[in-house]
Amino acid sequence: MLSLKRGVVSVFFTKVIVAAVGLLTVIVTSKFLGAQGRGAVSLFTASIALVQIFCDFGSSSALINLSYRINQWKLWLSAVWWIFGICAFATVFAFFLETSFIHWVPLSALLFSILNLNNLLLMGNRKVNQRNILLVVQPVLLLAFFSIFIQFNLFAWATYPLAFTLSLLLTLLVSFLWIAPHLRDSKKQLAVFQFETQILSQGLWVQGGQAIQFLNYRINFFILVFFMGTAALGIYNNAIVVAESLWILGHSLGQMLHMKILNSDSSIAQRNLAMRMLLISFAGTSLMLGVLLLIPTSFWEWLFSKEFIEVKHLFYWLAPGILVFSISNILNHFFHAKNQFKFIFCVNLIGLCFGVGVSVICIPLYGLAGACIAWSAALFVSMLMYVLRFFSAHNLQFD
């Protein structure tokens, strides 16, 4: 088992690499496709994530907890059957739509969901390093394939979705090499397969909360397209990608906190560790945000192209959301490890309703800045509920 320090460092550097490669992909696609093309790519990836939400009702992060006490082959096969069913339905639905890249969405969602399932079981088996490698491999392959296809002008409009799908397929094959021994061992222990209904009963609340959290992050994509068009979405999404990259420290700390809580029986030790993680996450994210805000507008114009000159201005409106999520990110992992899925669901639902209300009002009035205001407002409401619950549950006082 990884020590806390080594685990945090490992996950953190993995996420730094993933964020850097992701940002490089954004830069390349922005320069070659422009704001309109970036908007189309954003809708494509958001649509995949939307299908994956329903897939993950059967393969949610609750599988990490369940893998400690239920046969892993049974968990894996049950989740795969659920994923295939959802993606089959999505294929039929996509047949009637004519938006950009829509016909690639079900296949990509299928591959992404099974890859995510394998990653969850690797985490359940404490194979953190293997999971981290997979997190890096997929975006690196995506960037490599897309750059090659663009360089040689291959596959025309299908350049990005094909590169995305191929990167998922190859990464999925690697994940099978690492998870297969665990599945074979657990398969030998299972006489008869029966669908494991706990993946749905647990996933209902876990993934329900994460589905709403996804909408908290991405509902503005669809509202923004409705009011301002695809090009505006391309600019907004680039700002969001950069903003969310500042959460890598909090994600790293939160994942290791989750694993430590699962392997600890002391509520006092769990509380103290969570408090330490909160302080580190907030301080580290604040420092990175300060550096981001000091970068001049000319840099972003050079990095993405002249169409994205407004990106720097949007960071000021995203800053409050970046900071508050550095807190709620840790507390979300804390309550998840404590199996408080219904509470997480309620927090995300209230944040979503508040954010949508602010979006519908602010986007028509303030445009892209209004979308950023709504994003930050939804995250602030969620953070406030997490903090109040954490302090009241541990009889802590605000000084």
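P364 is partly exposed, because its relative accessible area is 46%. That makes a handy way into this predicted model. P364 is found in helix α13, which covers residues 341-366. Leaving aside its neighbours within four places in sequence, P364 is in contact with F227 and S359. The chain also brings M228 into the picture. P364 and M228 are 136 residues apart in sequence, but their C-alpha atoms are 8.4 Å apart in space.

Now step back to the whole chain. The secondary structure comes to 14 helices and zero strands. From the N terminus on, every element in the run is an α. The chain has 399 residues, and 56% of them count as buried. Take the contacts between residues at least 6 apart in sequence. Of these, 84% join residues at least 24 apart.

Start near the N terminus. Helix α1 spans residues 4-55, and F44 lies in it. F44 is buried, because its relative accessible area is 0%. What does F44 touch, not counting residues up to four places away in sequence? The list is F101, W104, V105, S108, Y160, P161 and F164. H103 belongs to this part of the story too. F44 and H103 are 59 residues apart in sequence and 9.8 Å apart in space, C-alpha to C-alpha.

Next comes helix α4. It has 20 residues, which at 1.5 Å a residue should span 28 Å; the end C-alpha atoms are 28 Å apart, so the two agree. Helix α4 is mostly covered, with 17 of its 20 residues buried. N118 sits in this helix, which runs over residues 105-124. Is N118 buried or exposed? N118 counts as buried, because its relative accessibility is 0%. Not counting residues up to four places away in sequence, N118 touches W76, L172, S175, F176 and I179. Just after α4, R126 takes a positive phi of about 60 degrees.

Now for the nonpolar cores. The largest has 59 residues, and Y236, F304, L318 and W375 are those with the most contacts inside it. Which helix gives the largest share of this core? Helix α12, residues 311-337, gives that share with 14 residues. Another core lies apart from it, made of 48 residues, among them V21, W73, L77 and A163.

L318 repays a look. Leaving aside its neighbours within four places in sequence, L318 is in contact with A239, I240, A243, C372, W375 and S376. One of these partners, C372, counts as buried because its relative accessibility is 0%. C346 is another cysteine to find. C346 counts as partly exposed, because its relative accessibility is 39%. How many disulfides are there? The count comes to zero.

Look next at the stretch leading into α12. S305 is found in the loop between α11, residues 297-304, and α12. S305 has a positive phi of about 135 degrees although it is not a glycine. S305 is also buried, because a relative accessible area of 18% falls under the 20% cut-off.

Helix α10 covers residues 267-294. Its 28 residues should span 40 Å at 1.5 Å a residue, and the end C-alpha atoms are 41 Å apart, which agrees. The buried residues of α10 are Q270, L273, A274, M277, L278, S281, G284, T285, L289 and L292. Follow their numbers along the helix with one general point in mind. An α-helix has 3.6 residues a turn, so residues three or four places apart point the same way. Steps of that kind appear in the α10 list, including Q270 to L273 and M277 to S281.

Helix α10 also leads to a pocket. The second largest pocket has a volume of about 240 Å³. Ten residues line this pocket, and L278, L279, I327, V387 and F391 lie nearest its centre. Where does the lining come from? Helices α10, α12 and α14, the last covering 368-393, each supply at least two residues. Helix α10 gives the most to this lining, with four residues. One residue ties these threads together: L278 is among the buried residues of α10, and L278 is also one of those nearest the centre of the second largest pocket.

How values were computed. Residues are numbered from 1 along each chain as its sequence is written. This is a predicted model: local features need pLDDT of at least 70, side-chain atom pairs count only at pLDDT 80 or more; totals for chains, interfaces and linings use all residues. Side-chain values use heavy atoms; hydrogens and water are left out. The expected span of a helix is 1.5 Å times one less than its number of residues. Buried means under 20% relative accessible area, exposed over 50%, partly exposed in between (1.4 Å probe, protein chains only). A disulfide is a pair of cysteine sulfur atoms within 2.5 Å. Contact means heavy atoms within 4.5 Å. A nonpolar core is a set of buried Ala, Val, Leu, Ile, Met, Phe, Trp, Tyr and Cys residues joined through side-chain atoms within 4.5 Å. On a 1 Å grid over the protein atoms alone, a cavity is a set of points where a 1.4 Å probe fits but cannot get out, and a pocket is an open set with protein on both sides within 12 Å along at least five of seven lines; lining residues have an atom within 4 Å of a point. Grid points are joined across faces, edges and corners, and a volume is the space filled by probe spheres set on the points.
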